Amino acid sequence: PPSTTGGLQIERLWRNLTQCLNVDNTPPAPVLATSPTFLRGLATSAISTVEYTTPASAAAIAAALVGPKLQGCLTSAFNTNAQLSHPQGAVPGPAAVTLLTVPPVGAKTIAFRINVTMNLGSLQIKLFHDFLVAIKGSTVIRMWFLNPGSAFPPDLEHTLVQNVVGRS
């Protein structure tokens, strides 16, 4: 199972987001498959979770992800997560969330870029975090990409998204 300390807490963040959007998963619980974390270098990373749920739950998530509460819920969830999981000695700045355009992948896709600056005394590290959700029938595919200093490499991100959505 994923670590519950340090780093971005993906499942906790998703739980906070779905609760804020009032689409918290209710019984029956979804079946989850989470990939190992892809890591390149020291901090460039990606992880995906495929959630097999009911058609009604997938439709509710899809509707909420384009609804009026989304921006506030995303900002709140990412700010909370940054406060809870920042590196020791770092002070996270506020999260800035923007819509991200991604190439089509054969599923309804909603993507966002979240920028957070970690302040380590006089050193500031800007983190680029792409959050992508693809809805394919009753499958909800969540992908998270993190890169310090600049955006996650778009060609690598698109390849990973195509592969995950294609296998789900």
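On one side of helix H4 (154–167), Asp155, Gly166 and Arg167 are exposed, meaning over 50% relative accessible area with a 1.4 Å probe on protein chains only, where buried is under 20% and partly exposed lies in between. The model is a predicted one, in which local features need pLDDT of at least 70 and side-chain atom pairs count only at pLDDT 80 or more, while totals for chains, interfaces and linings use all residues. Residues are numbered from 1 along each chain as its sequence is written, and side-chain values use heavy atoms, with hydrogens and water left out.

Turn H4 around and you meet its buried residues: Leu156, Glu157, Val161, Val164 and Val165. They sit on the same side of H4 because they cover an arc of only 150° around the axis, taken from the directions from the helix axis to the C-beta atoms. As a reminder, an α-helix has 3.6 residues a turn, so residues three or four places apart point the same way. The partners of the buried H4 residues are strands E2 (38–40), E3, E7 (123–136) and E8, with contact meaning heavy atoms within 4.5 Å.

The length of H4 also checks out: its 14 residues should span 20 Å at 1.5 Å a residue, and its end C-alpha atoms are 20 Å apart, which agrees. The expected span is 1.5 Å times one less than the number of residues.

H4 also helps to line the second largest pocket, together with strands E1 (31–34), E3 (44–52) and E8 (139–148), each giving two or more residues. A pocket here is an open set of points on a 1 Å grid over the protein atoms alone, where a 1.4 Å probe fits, with protein on both sides within 12 Å along at least five of seven lines; lining residues have an atom within 4 Å of a point. This pocket has a volume of about 220 Å³, the space filled by probe spheres set on the points. Of its 17 lining residues, Ser35, Ile47, Ser48, Leu160 and Val164 lie nearest its centre.

| Lining class | Residues |
|---|---|
| Nonpolar | 11 residues |
| Polar | five residues |
| Charged | one residue |

Elsewhere, Asn22 lies in the loop between helix H1 (10–20) and E1. The phi of Asn22 is near 60°, a positive value in a residue other than glycine, and Asn22 is exposed at 62% relative accessible area.

Overall, the protein chain has four helices and eight strands, assigned as DSSP runs (H or I, at least four residues; E, at least two). Buried residues make up 42% of its 168 residues.

Conventions: Ala, Val, Leu, Ile, Met, Phe, Trp, Tyr, Cys and Pro count as nonpolar, Asp, Glu, Lys and Arg as charged, and the others, Gly among them, as polar.
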